[in-house]
Amino acid sequence: MTEPNILVTRIDNRLVHGQVGMTWVNTIGANLIVVANDDVSKDSVQQNLMEMVIPDTVGIRFFSIEKTIRVIGKAAPTQKILLVIRTPQDALALIKGGVPIKKLNIGNLHFAEGKKQLSATVSVSQDDIDTFNELHNMGIQLEVQGIPNERATDLMDLLAKA
């Protein structure tokens, strides 16, 4: 697998929305968004909604986790990729599959019953905590950052305080 030009890998359970589609894309200079999600890869309604919030100059692809693992190494060097995934478990699957991710931007994980709130936008279940610990032990840098001009916070620091 050649090294794809992944600028940012973002965990956001909303996947692509206005904040990702405009602010992140413009700030990092991405020209391709890859949404790696098994459900969305088969859901044209969700795909159409996500396509509506990105600039016309930016491409978007919707792949399953498995297809992302298979094809991302074929990306051209000119493709500046924003990789968007829904969960830390998806990140772990991609990394174990050989996708060269060294840093994760954690943008949004909704609060739900049984989750611990770490920040205004990030809440985690015990499974999420276990997965983040595994990612951390693999040497993956984990940063909570909602928008690009916000200071990033080390997720492990937030977990230590939880």
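The following exercises, each with a worked solution, concern a predicted model of a single chain.

**Exercise 1. Overall form**

Determine whether the radius of gyration of the chain agrees with that of a compact globule, and describe how the chain is built.

Solution. Begin with the inventory: the chain contains six helices and nine strands. Next, take the extent of the C-alpha trace, which spans about 40 × 30 × 30 Å along its principal axes. For 162 residues a compact globule would have a radius of gyration near 15 Å, and the chain has 15 Å, so the two agree. Then turn to burial, where 50% of the 162 residues count as buried. Finally, consider the contacts between residues at least 6 apart in sequence: 70% of these join residues at least 24 apart.

**Exercise 2. The nonpolar cores**

Identify which residues touch the most other members of the largest nonpolar core, and follow the contacts of Leu83.

Solution. Start from the general expectation that nonpolar side chains in soluble globular proteins tend to be buried together. In this model the largest nonpolar core has 36 residues, and those that touch the most other members are Leu83, Leu94, Leu104, Ile106, Phe132, Leu135 and Leu142. Taking Leu83 from that list, and setting aside residues up to four places away in sequence, one finds that Leu83 touches Ile6, Val8, Thr9, Arg10, Val34, Ala36, Thr68, Leu94, Val99 and Ile101. Apart from the largest core lies another core, of 17 residues, which includes Val25, Val35, Met50 and Ile60.

**Exercise 3. The buried side of helix 5**

Work out where the buried residues of helix 5 lie around its axis.

Solution. First establish the element: helix 5 covers residues 126-137, and its twelve residues reach 16 Å from the first C-alpha to the last, close to the 16 Å expected at 1.5 Å a residue. Second, list its buried residues, which are Asp128, Ile129, Thr131, Phe132 and Leu135. Third, note that they cover an arc of only 165° around the axis, which puts them on the same side of helix 5. The general background is that an α-helix has 3.6 residues a turn, so residues three or four places apart point the same way. As a last step, look past the end of the helix: helix 5 is followed by Gly139, whose phi is positive, near 90°.

**Exercise 4. Salt bridges**

State how many salt bridges the structure holds, and examine which parts of the chain are tied together by the pair Lys96 and Glu134.

Solution. The structure holds five salt bridges. In one of them the side chains of Lys96 and Glu134 meet, at 2.9 Å from N to O. Lys96 lies in helix 4 (residues 88-96) and Glu134 in helix 5, so this pair ties together parts that are 38 residues apart in sequence. As to accessibility, Lys96 counts as exposed because its relative accessibility is 55%, and Glu134 counts as partly exposed because its value is 31%.

Another bridge joins Glu143 to Lys103, with the closest N and O atoms 3.4 Å apart. This pair links distant parts of the chain, since Glu143 is in strand 8 (residues 141-144) and Lys103 in strand 5 (residues 103-108), 40 residues apart. Here Glu143 counts as buried at 16% relative accessibility, whereas Lys103 counts as partly exposed at 42%.

A further bridge is formed by Asp12 with Arg10, whose closest N and O atoms are 3.3 Å apart, and both of these residues are buried. Arg10 and Asp12 also belong, together with Arg14, to a network of salt bridges.

**Exercise 5. Leu15 and Gln47**

Decide whether Leu15 and Gln47 are buried or exposed, and place each of them in the chain.

Solution. Leu15 sits in the loop between strand 1 (6-12) and helix 1 (18-28). With a relative accessible area of 0%, Leu15 is buried, because the cut-off for burial is under 20%. Its phi is near 60°, a positive value in a residue other than glycine, and it may be set against the general rule that most residues other than glycine have a negative phi.

Gln47 is found in helix 2, and at 16% relative accessibility Gln47 counts as buried. Leaving aside neighbours within four places in sequence, Gln47 is in contact with Val40, Ser41, Lys42 and Phe62. The C-alpha atoms of Gln47 and Val16 are separated by 9.2 Å, although these residues are 31 apart along the chain.

Terms used:
Residues are numbered from 1 along each chain as its sequence is written. This is a predicted model: local features need pLDDT of at least 70, side-chain atom pairs count only at pLDDT 80 or more; totals for chains, interfaces and linings use all residues. Side-chain values use heavy atoms; hydrogens and water are left out. A nonpolar core is a set of buried Ala, Val, Leu, Ile, Met, Phe, Trp, Tyr and Cys residues joined through side-chain atoms within 4.5 Å. Buried means under 20% relative accessible area, exposed over 50%, partly exposed in between (1.4 Å probe, protein chains only). Contact means heavy atoms within 4.5 Å. Helices (H or I, at least four residues) and strands (E, at least two) are DSSP runs, numbered from the N terminus. The expected span of a helix is 1.5 Å times one less than its number of residues. The arc is that of the directions from the helix axis to the C-beta atoms. A salt bridge is a side-chain nitrogen of Lys or Arg within 4 Å of a carboxyl oxygen of Asp or Glu. The radius of gyration is taken over C-alpha atoms; the globule rule is 2.2 Å times the number of residues to the power 0.38.
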